[in-house]
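The following dialogue sets terms against their definitions. Please keep the sequence and the structure in view while reading.

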Amino acid sequence: MAMKRDWANLDSLALNVILEKLIEPIDHIWFGSVCKNWHSIANLNHQYNHQFRGNILPMLMIPIENTSPEKRSLYSVLANRVYPFELTMLYKQRCCGSSYGWLATIDEEEVITWVNPFKDVAPIILPWINIYNRYKNYPEFNVHKVTLSADPISSPNDYVVAAIYTTCGCLAFMKAGQKFWTYIDKTHHRGFIDVTFYKGLVYAVNRRKTIVSFDLCYSSDPKGNNMKTPNVLLQGGIHETYSPLTYLVKSLEGELWMVRRFVTIDDQGNNKGTHSLHVFKLEFDDKGQKLLGLTKLDSLGDNILFVGDNDPVSVSASYFSKYLQKDSIYYSDNYFDDEPVCYPQGPFDLGIYNVKDERFGIHCPYKAYFKGKAPPIWVVPPFRWS
């Protein structure tokens, strides 16, 4: 007669061996939900496993086959599998931002809303933003990117939102609780394609490699008539041939990097995919108020980068050495000025670029059902064990 195994009461050594082989945070959560004993072991493990808690890898939010465009699931680069989740979005459009587990969307009335599909929290509806120069047929592209300075859950009264909007790439920001935006002078400063918060300042870059910074001094005019003029750190040059996308990334060492992603555009204005990526370190003076120059990097050190319409993310190459490629940039589809021409064809520009070897790879195989749906975007699911 076969002996019945008591899985609920396996000893702690065996359970910890199982935990060590689970590579995604969600697997740990499922582990802890098996029974009280497994939950207790998982809880104890995470109290001491600080390295695991500090190394959470982004997952790719992708469309689900045979469902409406609002439904998304999560693809794990580590496990090379799609997890059986259904994330329901407020709108069918592309996400124009992914920050601290929050996702930003814009509706047809041009209202930006933050939602957190991983937490039981109410959406954050932002004030109307003055989009004076817009895509009429593709409202989801009227806001290029939205980002947060902090998590609204942990800092409900002390976060800032920055947005790049209109076809001209203008910039605006607002503090939590404000009913209006503060606009950056769009007459002389526009064409922005990425924005980030770094050491108490806001930094933004446009496609011509112009880099500006400004502090968070807010307008007192509810109508937003007081325009703020940024500090120009680097004056960019002419428009390059390969329509570069640009990202500002904070490295694990605390440096600010700029990634230039060159996309080939054919004679009809169609996106033919990523051609190459270059990474530069921004060199500042001691006070961080002056940009001394850019240093091109031929290696990323211990950094592996994830870029797209999300907040760029850097993770440890040494921690994920068994699963990820060193010196690599994992990229997903991204907005750019000609995107509305190409977007109905569906996303396809997903891949890995090795900065050192200058070679391309695949992280998520393209599926035919991606066509015509919102582009995938990197998200970092908030992992909190309790």
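Q: How do you know that strand β10 and β11 pair, and in which sense?
A: Strands are DSSP runs of E of at least two residues, numbered from the N terminus, and two strands pair if DSSP finds at least two bridges between them. Strand β10 (residues 170-175) and β11 are joined over 2 bridges in the antiparallel sense, so the definition of pairing is met. Within this pair, alanine 172 stands opposite tyrosine 183 in β11.

Q: What kind of model is this, and how are its residues and values treated?
A: This is a predicted model, in which local features need pLDDT of at least 70 and side-chain atom pairs count only at pLDDT 80 or more, while totals for chains, interfaces and linings use all residues. Residues are numbered from 1 along each chain as its sequence is written, and side-chain values use heavy atoms, with hydrogens and water left out.

Q: What makes β8 and β11 edge strands?
A: The open sheet of 4 strands has the order β8-β9-β10-β11, with antiparallel pairing. In this sheet, β8 (143-148) and β11 (182-183) each pair on one side only, and they are the edge strands.

Q: Why is strand β5 called largely enclosed?
A: A residue is buried under 20% relative accessible area, exposed over 50% and partly exposed in between (1.4 Å probe, protein chains only). In strand β5 (residues 102-106), 5 of the 5 residues are buried, so the strand is largely enclosed by the rest of the structure. Both faces are covered: Trp102, Ala104 and Ile106 are buried on one side, and Leu103 and Thr105 on the other.

Q: How do you know that β5 pairs with β4 and with β6?
A: Strand β4 (residues 97-99) is joined to β5 by 3 bridges, and β5 is joined to strand β6 (residues 112-115) by 4 bridges. Both pairs run antiparallel. Serine 98 has leucine 103 in β5 as its bridge partner, and isoleucine 106 stands opposite isoleucine 112 in β6.

Q: What makes a set of residues a nonpolar core, and which residues have the most contacts inside the largest one?
A: A nonpolar core is a set of buried Ala, Val, Leu, Ile, Met, Phe, Trp, Tyr and Cys residues joined through side-chain atoms within 4.5 Å. The largest has 25 residues, and those with the most contacts inside it are Trp114, Ile129, Val146, Val161 and Trp181. At least two residues of this core come from each of β5, β6, β8, β9 (160-165) and β10. A second, separate core of 19 residues includes Val315, Ile352, Phe370 and Trp378.
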